[in-house]
Amino acid sequence: MGELIFSTEHGSHLYGFNHADSDEDWYEVYEGKGRKLTQSTDGQLDIVRGDLEAFLIRAASGSHQSAEAIFSRSKVWGPGMEEKWGPMLANFRIAGEAYAKYERTIKKFCYGDFKRRRHACRLAINLWEMRVSGSGRFDPRRHPVDRTLCAGYAKVYEGD
């Protein structure tokens, strides 16, 4: 992989669902091609690293993790990278079949444990934002009202 384009907090810290025992998740995007994506976990630190090509392919196909990273407002840019890649990433949009992948992921998560059901709700809000705004974009950081709503919906089916 080439130079670091950006890193961003990811997972529960990005969405605002974190708690005292939450691990720290990061997503890092590097210049390069090759469709490489790796994940490493070291106790409380979980890092997904990928080259730009892999990242964009996944985001365009509806990978919620990659879409959340691309739309994150918590990016830490590598030296000179915001000027080089920022405009292109700022114009990135989710469209077409990617919406169908979001819908499939939401349905799959609906039948899991509390955490997965809460994520299904969060993903549904993200999908709604993309569709209703017509922008193909969303803010992955959830408002406290959204977090309460998602927790409430996830508890409704607790024990099923």
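Helix 5 and helix 6 are roughly antiparallel to each other in this predicted model, because their axes cross at roughly 155° and angles over 145 degrees count as roughly antiparallel. The chain as a whole contains seven helices and five strands. An open sheet takes up the five strands, and helix 2 and helix 3 both pack on the sheet.

**Helix 5 and helix 6**

- Helix 5 spans residues 97-110 and helix 6 spans residues 114-133, and their axes come within 8 Å.
- The crossing of helix 5 past helix 6 is left-handed.
- On the helix 5 side, the contact is made by Y99, Y102, E103, T105, I106, K108, F109 and C110.
- On the helix 6 side, R116, R117, H119, A120, L123, A124, N126, L127, M130 and R131 take part.
- Sorted by class, this contact of helix 5 with helix 6 holds ten nonpolar, three polar and five charged residues.

**The sheet**

- The five strands of the open sheet are ordered 3-4-2-1-5, and their pairing is mixed.
- Strand 3 (37-42) and strand 5 (76-77) are the edge strands, each of them pairing on one side only.
- Strand 1 (residues 4-10) and strand 2 (residues 24-30) run antiparallel and are joined by six bridges.
- F6 has V29 in strand 2 as its bridge partner.

**Helices on the sheet**

- Helix 2 (residues 52-61) touches strand 1, strand 2, strand 3 and strand 4 (45-51) as it packs on the sheet.
- The direction of helix 2 makes about 100° with that of strand 4.
- Helix 3 (residues 64-71) packs on the sheet as well, where it touches strand 1 and strand 2.
- The direction of helix 3 makes about 110° with that of strand 1.

**Helix 2 and helix 3**

- The axes of helix 2 and helix 3 lie 7 Å apart, and the two helices pack at an angle of about 110°.
- This angle falls in the range of 65 to 115 degrees, so helix 2 and helix 3 are roughly perpendicular to each other.
- Helix 2 contributes F55, L56, R58 and A59 to the contact, and helix 3 contributes S66, A67, A69 and I70.
- By class, the residues of this contact of helix 2 with helix 3 are six nonpolar, one polar and one charged.

**Helix 2 and helix 4**

- Helix 4 covers residues 81-90, and helix 2 packs with it at an angle of about 10°, the axes being 13 Å apart.
- Angles under 35 degrees count as roughly parallel, and helix 2 and helix 4 are therefore roughly parallel to each other.
- Helix 2 and helix 4 cross in a right-handed sense.
- L52, F55 and L56 of helix 2 meet W85, M88 and L89 of helix 4.
- The contact of helix 2 with helix 4 consists of six nonpolar residues, with no polar and no charged ones.
- F55 and L56 of helix 2 thus appear in the contact with helix 3 and in the contact with helix 4.

**The chain as a whole**

- Along the sequence, the helices and strands follow the pattern β-α-β-β-β-α-α-β-α-α-α-α.
- The radius of gyration is 16 Å, close to the 15 Å given by the globule rule for 160 residues, so the protein chain is as compact as a globular protein of that length.
- Taken along the principal axes, a box of roughly 50 × 40 × 25 Å is filled by the C-alpha atoms of the protein chain.

How values were computed: Residues numbered from 1 in each chain as written. Predicted model: local features only at pLDDT ≥ 70, side-chain atom pairs only at ≥ 80, totals over all residues. Heavy atoms only, no water. Axes fitted to C-alpha atoms, helices over the stretch in contact; angles between N-to-C directions. Helix = DSSP H or I, 4+ residues; strand = E, 2+ residues; numbered from the N terminus. Left-handed = near helix turned anticlockwise from the far one by under 90°. Contact = heavy atoms within 4.5 Å. Nonpolar A, V, L, I, M, F, W, Y, C, P; charged D, E, K, R; others polar. Pairing = 2+ DSSP bridges. Rg over C-alpha atoms; globule rule 2.2 N^0.38 Å.
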